[in-house]
Amino acid sequence: MGRLISMPNGLWPRSMEPLSGPRAVGGAANTSIGNFMQTVAAPFGGWRWQFVFPVSKDAKFRRYRGWVTALHGGANATRVPFGDPDMMTLLEAGMTVTQAQERFGLPWSNGETWSNGQNWRVTAPNVPVDAAAERDATIIRLADAFWGHRLQMGDYLGFFPLHFGLYTVTEERGDGEYRIWPPLRKALTAGDFATLYPTMAMRLESEDAASAARGVAHAEEASVTLVEVFDYDVRDYFAD
Amino acid sequence: MANLFSADDMAFQRRPHIARAWFADLDLPSGRWHLHNGVGRKTVGGVEWRGVSDPAGGQLVSISAVEDPRFGQAAKIDIVIAGVNLDFLRSVKDQGRQIEGRLADVYWCAFDQETQEVWPSGLKKLFPGYLSSPKIRWSGIGVRTVAFTIESLWHSQNFPFGGKWTPADQQARYSGDKGLEFVGVKVQEIIRGT
């Protein structure tokens with residue numbers, strides 16, 4: 001029934017914006033005579049993002065409209081690779097690469113490129129997880145390798161293998177221990193790795209959450225509102 | 001896990017920000033359903049509860065204001081389920097009779113907003129409740145909602161002590177007392193000259 005699809009190659013948003021998510025459920029505020037405000041919210045948070053795709057045409061727009069149609073207003077989920085434009089530099093991530101290597105990538109060990117003439121891209125290394133953690137936990141520990149002890153507030157990270165979720169560091173607790181938000185969508189085992197390139201499963205918020213307007217010369221900017229699909233829901237509902 | 005709010009709990013609730021959710025333990029013919037009004041799955045008190053809101057912050061299920069179940073107050077909670085499919089409507093029609101009168105307990109719980117950890121006092125049971133028979137509502141071609149009410153055990157005790165200030169109740173208290181029949185009645189006195 002529901003399936004998990006990948007974003008087409010080369011399709012990247014022009015801008016992305018986090019929107020208020022499910023914490024707004026039943027939200028309220030009480031004000032006393034003395035103007036003291038008490039706010040009330042649902043505790044269960046989740047990601048909700050709006051992506052704006054740039055003006056496009058030809059193959060790019062075909063891929064975009066195909067992707068949006070395949071999502072069927074929320075019936076199917078999509079992998080969203082979260083390329084953080086504000087990610088720490090490779091140097092900060094514990095790698096020493098020349099500018100040329102960072103820009104053009106690395107060839108195979110025999111000096112050859114891929115058949116399309118492209119090199120391997122240089123990405124930040126992965127860091128092993130230092131301690132297992134339950135699902136719903138918010139404290140994680142990373143090993144002291146590369147950037148494992150160098151994360152700071154606001155850094156995005158994810159985990160693998162087979163773990164959908166985007167987490168952001170909200171507190172440094174020292175020695176590779178961090179508080180993250182949202183809480184873990186899947187338990188971490190000692191054999192897992194952390195990555196700076198998280199992948200989240202998301203689906204369209206509703207039937208009208210995506211647009212694909214085509215003008216005379218090119219397709220206009222299109223915005224898409226996606227909501228997070230939790231890891232366990234991916235397995236239950238989108239893995240057919 | 002006391003159901004009453006202790007002094008500590010009350011102090012907790014004076015905080016500037018409270019994260020809270022409602023939980024419903026429904027004993028439906030298809031099995032026990034553990035639902036909460038947020039998003040996602042959450043284990044509280046050793047039971048996994050499923051969220052019934054959609055992730056956009058809108059609600060698939062609306063829960064009316066929850067009344068204080070005190071004596072003389074017909075405390076009840078109205079629950080409306082929207083966006084249901086055909087199978088669910090059929091099951092409601094088939095099992096409506098069986099659903100009526102089944103146990104439905106409602107709980108309340110506060111959380112830490114950041115970590116989503118349960119507050120120290122755990123789940124607070126609002127009242128032992130029963131399900132009323134579900135009502136299916138059609139509006140237009142597209143909208144189908146199913147509404148049911150959770151009544152508290154004390155729902156039937158909705159009467160005031162000692163009766164009301166009505167002529168009937170006054171007659172019951174003091175047989176033959178017609179005094180209250182004249183309360184609130186506009187009396188027009190016509191004096192005719194002879």
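The dialogue below asks how several terms used for this predicted model are justified.

Student: Why is B:Arg32 called exposed?

Tutor: The label rests on a count of neighbours: B:Arg32 has 10 other C-beta atoms within 10 Å, and a residue is exposed if that count is 12 or fewer, so B:Arg32 is classed as exposed. As for its place in the fold, B:Arg32 belongs to strand 2 of chain B, which covers residues 31–36.

Student: What makes B:Asp25 and B:Asp27 contacts of B:Arg32?

Tutor: Two residues are in contact if their C-beta atoms lie within 7 Å, and B:Arg32 touches B:Asp25 and B:Asp27 when residues up to four places away in sequence are left out. For B:Gln98, which is 66 residues from B:Arg32 along the chain, what is given is a separation of 14 Å between the C-alpha atoms.

Student: How do you know that strand 4 of chain A and strand 1 of chain B pair?

Tutor: Pairing requires at least two bridges between the strands, and strand 4 of chain A shares three bridges, in the parallel sense, with strand 1 of chain B (residues 17–28), so the two strands count as paired. One of the bridge partners in strand 1 of chain B is B:Ala19, which is matched with A:Ala41.

Student: Which residues make up the contact between the two chains, and what does strand 4 of chain A give to it?

Tutor: Chain A brings 25 residues to the contact and chain B brings 23 residues. Strand 4 (37–41) and strand 14 (222–228) of chain A each supply at least two residues of the side that touches chain B, and strand 4 gives the most, with four residues. By class, that side of chain A holds 13 nonpolar, eight polar and four charged residues.

Student: Why are strand 1 and strand 2 of chain A said to stand at the edges of their sheet?

Tutor: The open sheet has six strands in the order 1-6-13-14-5-2, with mixed pairing; strand 1 (4–6) and strand 2 (15–18) each have a single partner strand, so one side of each is left without a neighbour in the sheet. From one strand to the next, the twist averages 40°.

Student: What makes strand 6 and strand 13 of chain A a pair, and in which sense do they run?

Tutor: Against the requirement of at least two bridges, strand 6 (residues 77–81) and strand 13 (residues 199–204) of chain A have five bridges in the antiparallel sense, and therefore they qualify as a pair. Within strand 13, A:Thr199 is the bridge partner of A:Pro81.

Key. Residues numbered from 1 in each chain as written. Chains lettered and ligands numbered in written order. Predicted model: local features only at pLDDT ≥ 70, side-chain atom pairs only at ≥ 80, totals over all residues. Buried ≥ 20, exposed ≤ 12 C-beta atoms within 10 Å, placed from the backbone. Nonpolar A, V, L, I, M, F, W, Y, C, P; charged D, E, K, R; others polar. Axes fitted to C-alpha atoms, helices over the stretch in contact; angles between N-to-C directions.
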